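Biologist: I'd like a close look at one part of this structure, whichever you think repays it. Go slowly, and tell me which residues face which.

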Amino acid sequence: MTPDHASLLERRNQLAAALETNDHVREAFAKVPRHMFIPDRVWPEAVGDPLDRRNAPQRWADLAYADAPVITQVNDGHSGPMNIPTSSSSAPSVMAAMIEAAGVGPGQHVLEVGTGTGYNAAILCELVGPAGEVTTVEVDAGVAGQAADRLRAAGYAPCTVVADGAAGYAEGAPYDVVIATCAVVEVPRAWIEQTRPGGVVVTPWAPAADLPGGTMARLVVSDRGSAQGRFAGDASFMPLRDQRARYDAPHDLHGTAEHTWKRAGDARDVVMGGVGPQLALMVPGVRIGMRVVRGEAETCVWLSALDSPSWARLYADGRVAQGGPRPVGEEVIAAHEYWTALGCPELTEYGLTVTASGEHTAWFGAPSGPNWLHRAATEPAST
């Protein structure tokens with residue numbers, strides 16, 4: 001049975017009421033019908049066929065009003081053996097957290113990077129009101145066109161631009177807020193330069209493009225061209241297209257270790273259990289992943305350096321195998337011990353500074369506290 005208008009309205013109100021955010025943001029979500037921005041074809045699984053609204057209207061409605069992301073494009077619009085997400089409608093709770101962190105309010109001029117379905121842009125339009133202005137940039141012309149149609153149908157008229165979001169949109173600057181719905185390894189200079197001093201850039205940020213998960217950076221822009229602030233929590237988003245991972249396979253994933261030792265318990269726990277983002281902040285230039293090594297039965301955690309042919313593997317039986325000139329296994333274990341000595345701080349106790357020259361430095365407690373340089377202006381985007 002196809003859900004009727006009353007049913008969809010009830011779902012919308014329930015979704016908005018459940019959001020852990022302020023009343024202003026919650027009211028905006030209650031006004032915007034998410035189902036109007038979800039296309040008829042979506043991808044519920046990483047493998048398999050898409051779901052079509054005409055064939056499964058009830059399940060489609062369930063996806064539209066779940067507090068979860070909805071995959072709306074895979075493989076940049078092409079077919080493939082795996083459904084690699086390339087566009088989506090973000091989980092409403094994550095959207096609300098980002099919008100609240102940005103402090104979006106009446107009369108503001110907001111730049112959104114990554115239009116996607118247009119749903120987030122509609123929420124932003126509600127929040128800034130008639131005295132404000134929303135500019136939204138999308139690199140995929142087909143996605144942008146569909147979003148513009150949905151926005152018009154729902155009664156919203158942001159400035160919709162088809163362009164590479166890495167360049168922002170200088171014609172509309174300066175902005176009070178830049179909010180990105182895509183993850184970056186390097187915060188684009190354009191976003192900072194196009195934000196007024198005292199304005200805010202909110203973006204998912206990860207120290208490496210293929211790390212699991214990520215952080216939500218809330219950066220306040222200074223009048224000197226820098227930006228810094230604490231992380232507002234975790235956030236896992238698709239990468240900005242020109243910052244997608246372009247790395248080779250992890251170094252020596254199947255290689256023979258130069259050094260092996262054993263720890264008590266499951267060595268993988270050093271990285272797993274939610275502490276991965278903090279460790280990634282404290283150990284620059286190391287990729288982290290999980291994989292079954294050829295000839296072995298169990299999944300290991302692998303570590304692979306970006307600056308040298310160095311690697312490590314962490315096993316369930318406590319083994320740590322390591323190779324290459326950089327002792328990445330020892331570094332990650334030492335970082336975990338340091339994090340424990342600090343009292344197991346949450347991600348929100350860390351922050352990020354982006355200098356006018358492009359250096360990215362993560363820090364703990366305060367910018368003057370323990371810190372770790374992640375990116376310099378001369379460093380390449382990938383290895």
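Modeller: A quick term first: two strands pair if DSSP finds at least two bridges between them. Helices (H or I, at least four residues) and strands (E, at least two) are DSSP runs, numbered from the N terminus. This is a predicted model, in which local features need pLDDT of at least 70 and side-chain atom pairs count only at pLDDT 80 or more, while totals for chains, interfaces and linings use all residues. Residues are numbered from 1 along each chain as its sequence is written, and side-chain values use heavy atoms, with hydrogens and water left out.

I'd go for strand β14, which covers residues 299-305. It belongs to an open sheet of 5 strands. Reading across, the order is β12-β16-β15-β14-β13, and the pairing is antiparallel. At the edges stand β12 (259-262) and β13 (286-292), each with a single partner strand, so one side of each has no neighbour in the sheet. In that order, β14 sits between β15 and β13.

Let's take the β13 side. β13 and β14 run antiparallel and are joined by 7 bridges. If you want a pair to click on, try V292 of β13: its bridge partner in β14 is T299.

Now turn to the other flank, where β14 meets β15 (residues 311-314). That pairing is antiparallel too, and here it runs over 4 bridges. Two pairs are handy for finding your way along it. W302 of β14 stands opposite R313 in β15, and S304 of β14 stands opposite W311 in β15. Follow the chain from β14 into β15 and you'll trace a hairpin, with 5 residues between the two strands.

Is β14 mostly covered or mostly open? Mostly covered: 6 of its 7 residues are buried (buried means under 20% relative accessible area, exposed over 50%, partly exposed in between, with a 1.4 Å probe and protein chains only). So picture β14 with β13 along one flank and β15 along the other, and with most of its residues buried.

While you have the model open, here are a few loops to set beside the strand. C344 lies between α9 (328-341) and β17 (350-354). Its phi is positive, about 55°, although C344 is not a glycine. Unlike most of β14, C344 is partly exposed, with a relative accessible area of 35%.

Next, look for P174, in the loop between β7 (159-162) and β8 (175-180). The peptide bond that joins A173 and P174 is cis, with omega about 0°.

Loop residues can be covered as well. T117, in the loop between β5 (109-113) and α5 (119-128), is buried at a relative accessible area of 4%. V32 is another: you'll find it in the loop between α2 (23-31) and β1, and its relative accessible area is 0%, so V32 counts as buried. From V32, you can look across to H109, which is 77 residues away along the chain. Their C-alpha atoms are separated by 20 Å.
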